[in-house]
Amino acid sequence: MEIGYVILYVGDLDASVAFYRDVVGLAYKFTDAGYAEFDAGGVRFALYERRRAEWLTGTEVTPGAGGEVVVRVDDVDARAERLRAAGVRVLSGPADRPWGHRTVHIADPDGFVVEFAQEIPRARGRS
């Protein structure tokens, strides 16, 4: 078994495409019928217009209800500086986490948290 796609239901597809392409830096692939896809390595990352999602899920979809998108980077501090220089509001960080990541957090247009994470030595072992 493997995860094939991660799809976020978004309110404004154009704004979210611009965010994930221009702010996060994912490689944009295409948009078709309310769906946009990015090259995110081994997993397909996509956005889908929330207004179209009800027919798919059979229920109303609430945006940004929880969860986070984690993007691995080589240098979190440099990423944080670029984000701030671009006027992006940083929610937290950069900060070292005991599980072996240095992170910075921002929010996308729908309130989903986006974490940029750089691997660092773990400060504590796994139990």
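This passage describes the strand pairing, aromatic contacts, salt bridges and a surface patch of a predicted model.

A convenient place to begin is the sheet that contains strand 7. Four strands, in the order 5-8-7-6, form an open sheet with mixed pairing. Strand 5 (68-72) and strand 6 stand at its edges with a single partner strand each, so one side of each has no neighbour in the sheet. From one strand to the next, the twist averages 25 degrees. As general background, strands of a sheet pair through backbone hydrogen bonds, in either a parallel or an antiparallel sense.

Strand 7 covers residues 101-107, and 5 of its 7 residues are buried, so this strand is largely enclosed by the rest of the structure. Strand 6 (residues 92-97) pairs with strand 7 in the antiparallel sense, over 4 bridges. Within this pairing, Ala-95 stands opposite Thr-103 of strand 7. The hairpin of strand 6 and strand 7 has 3 residues between the strands, and Gly-100 takes a positive phi near 100 degrees there.

Strand 8 (residues 113-119) also pairs with strand 7 in the antiparallel sense, here over 7 bridges. Two residue pairs help to locate the register. Val-104 has Phe-116 in strand 8 as its bridge partner, and His-105 stands opposite Glu-115 in strand 8. The hairpin made by strand 7 and strand 8 has 5 residues between the strands, and Gly-111 in the turn shows a positive phi of about 95 degrees.

The loop between strand 7 and strand 8 is also a good point from which to turn to the charged contacts. In general, side chains of opposite charge can pair when their charged atoms come close. A search of the whole structure finds 8 salt bridges. One of them joins Arg-50 and Asp-110, with the closest N and O atoms 3.1 Å apart. This pair links distant parts of the chain, as Arg-50 is in helix 2 (residues 50-57) and Asp-110 is in the loop between strand 7 and strand 8, 60 residues apart. Arg-50 counts as partly exposed at 22% relative accessibility, whereas Asp-110 counts as buried at 17%.

Strand 7 itself contributes to another salt bridge, in which the closest N and O atoms of Arg-102 and Asp-77 are 2.9 Å apart. Here too the pair links distant parts of the chain: Arg-102 is in strand 7 and Asp-77 is in helix 3 (residues 76-85), 25 residues apart. With a relative accessibility of 18%, Arg-102 falls under the 20% limit and therefore counts as buried. Asp-77 counts as partly exposed, at 32% relative accessibility.

Asp-22 and Arg-21 provide a further example, their side chains meeting in a salt bridge at 2.7 Å, N to O. In this pair, Asp-22 is exposed with a relative accessible area of 52%, while Arg-21 is partly exposed at 36% relative accessibility. Salt bridges also link Lys-29, Glu-37 and Arg-44 into a network.

The aromatic side chains come next. A pair of aromatic rings is described by the distance of the centres and the angle of the planes. The structure holds 7 aromatic pairs. For Tyr-28 and Phe-38, the ring centres are 5.9 Å apart and the planes stand at 70 degrees; an angle over 60 degrees counts as edge-to-face, so the pair is described in that way. Tyr-28 belongs to strand 2 (residues 27-32) and Phe-38 to strand 3 (residues 35-40), and the pair links distant parts of the chain, 10 residues apart. The two partners can also be described by their exposure: Tyr-28 is partly exposed, with a relative accessible area of 34%, whereas Phe-38 is buried, with a relative accessible area of 1%. Both rings belong to a cluster in which ring pairs link Phe-19, Tyr-20, Tyr-28, Phe-38 and Phe-45.

Finally, the surface deserves a brief look. Ile-3, Val-6 and Val-43 make a nonpolar surface patch of about 230 Å². Among these residues, Ile-3 lies in the segment before strand 1 (5-10). Ile-3 is exposed, with a relative accessible area of 59%.

Definitions and conventions: Residues are numbered from 1 along each chain as its sequence is written. This is a predicted model: local features need pLDDT of at least 70, side-chain atom pairs count only at pLDDT 80 or more; totals for chains, interfaces and linings use all residues. Side-chain values use heavy atoms; hydrogens and water are left out. Buried means under 20% relative accessible area, exposed over 50%, partly exposed in between (1.4 Å probe, protein chains only). Helices (H or I, at least four residues) and strands (E, at least two) are DSSP runs, numbered from the N terminus. Two strands pair if DSSP finds at least two bridges between them. Rings of Phe, Tyr and Trp (its six-membered ring) pair if their centres lie within 6.5 Å; planes under 30 degrees apart count as stacked, over 60 as edge-to-face and the rest as tilted. A salt bridge is a side-chain nitrogen of Lys or Arg within 4 Å of a carboxyl oxygen of Asp or Glu. Patches are made of residues with over 30% relative accessible area and no salt bridge: like charges are joined within 9 Å, nonpolar side chains (Val, Leu, Ile, Met, Phe, Trp, Tyr) within 5 Å. Accessible areas come from the Shrake-Rupley method with a 1.4 Å probe; for residues, only the protein chains shown count as cover. Axes are lines fitted to C-alpha atoms, for helices over the stretch in contact, and angles run from 0 to 180 degrees between N-to-C directions.
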